[in-house]
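Hi,

Here is the structure I said I would pass on. Have a look at it first, and then read my notes below.

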Amino acid sequence: AIDGVVDWHFSGTGVVVDAAAGLVAVDRNTVVTSLGEAAVTFAASVEIPAKVVFAHPTHNFALVQYDPARFEASSTSSPTECVLKPRELEVGDDLIFVGLSRT
C-alpha cells in the first residue's frame, strides 16, 4: 500500500477549470495519490492520458492535467471550461450539480 491506499482503480467526475491549460478539478477520492496513471474521459467516449499536478493535503480536491493539443482547435468536441462563481448565489437561483451516480 502507498499512503494507505490499497485499491488499484478509482473513478469520479471533474470540472474543466482551464481548457487552455488542460486543468480539471476533481475530488481527492478520484485521485487518492499523485502516484500512478491517470486519464480523463470526455463525452463518455474520448479518453486522454492525464497527470496529477496538485493534490491538496487537507482539503478534498486535486487538479489533473491533460494535453489540450490532443483536441483540434476547430473540433466541436473540444472541452470548454466552467465559469466558476460568476456572482454570489441568491435564494431561488438555478444551480447545476455535477456528480457521479453509481446505480
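**What I found**

The structure holds one salt bridge. Its partners are Asp-93 and Arg-87, with the closest N and O atoms 3.1 Å apart. Asp-93 counts as partly exposed because its relative accessibility is 28%, which falls between the 20% and 50% cut-offs. As for the general idea behind such a pair, side chains of opposite charge can pair when their charged atoms come close. Keep in mind throughout that this is a predicted model.

**Overall layout**

There are zero helices and five strands in the protein, so to speak a β-β-β-β-β pattern when you read along the sequence. Of the 103 residues, 19% count as buried. The accessible surface comes to about 8,000 Å², and 54% of that belongs to carbon and sulfur atoms. On the contact side, take the pairs with a separation of 6 or more: residues 24 or more positions apart account for 51% of them.

**The E3, E4 and E5 strands**

Strand E3 covers residues 38-42 and is joined to E4 by five bridges, with the two strands running antiparallel. Two of the facing pairs can be picked out here. Val-40 stands opposite Ile-48 in E4, and Ala-39 stands opposite Pro-49 in E4. E3 and E4 form a hairpin with three residues between them, and Ala-43 in that turn has a positive phi of about 55°.

On to the next pairing: E4 and E5 are also antiparallel, over five bridges. Six residues link E4 to E5 in a hairpin. Ala-55 is found opposite Ala-62 in E5.

**The core**

Which residues have the most contacts inside the largest nonpolar core? They are Val-24, Val-40, Phe-42 and Tyr-66, in a core of 13 residues. At least two residues of this core come from each of strand E2 (23-26), E3, E4 and strand E5 (62-66). E5 gives the most, with three residues.

Phe-42 is worth a click when you have the model open. Setting aside its neighbours within four places in sequence, Phe-42 is in contact with Val-16, Ile-48, Tyr-66, Phe-71 and Pro-79. Two of the names there have come up already: Ile-48 is the residue in E4 that stands opposite Val-40, and Tyr-66 is listed with Phe-42 among the core residues with the most contacts.

**A patch on the surface**

Val-53, Phe-54 and Phe-61 make a nonpolar surface patch of about 230 Å². Val-53 lies in strand E4, which spans residues 46-55. Why does Val-53 count as partly exposed? Its relative accessibility is 36%, and partly exposed covers values between 20% and 50%, so Val-53 falls in that class. A patch residue needs over 30% relative accessible area, and Val-53 is therefore above that cut-off too.

E4 is a good strand to start from when you look through the model. E4 pairs with E3 and with E5, supplies at least two residues of the core, and holds Val-53 of the surface patch.

Cheers

Notes: Residues are numbered from 1 along each chain as its sequence is written. This is a predicted model: local features need pLDDT of at least 70, side-chain atom pairs count only at pLDDT 80 or more; totals for chains, interfaces and linings use all residues. Side-chain values use heavy atoms; hydrogens and water are left out. Patches are made of residues with over 30% relative accessible area and no salt bridge: like charges are joined within 9 Å, nonpolar side chains (Val, Leu, Ile, Met, Phe, Trp, Tyr) within 5 Å. Accessible areas come from the Shrake-Rupley method with a 1.4 Å probe; for residues, only the protein chains shown count as cover. A salt bridge is a side-chain nitrogen of Lys or Arg within 4 Å of a carboxyl oxygen of Asp or Glu. Helices (H or I, at least four residues) and strands (E, at least two) are DSSP runs, numbered from the N terminus. Buried means under 20% relative accessible area, exposed over 50%, partly exposed in between (1.4 Å probe, protein chains only). Contact means heavy atoms within 4.5 Å. Two strands pair if DSSP finds at least two bridges between them. A nonpolar core is a set of buried Ala, Val, Leu, Ile, Met, Phe, Trp, Tyr and Cys residues joined through side-chain atoms within 4.5 Å.
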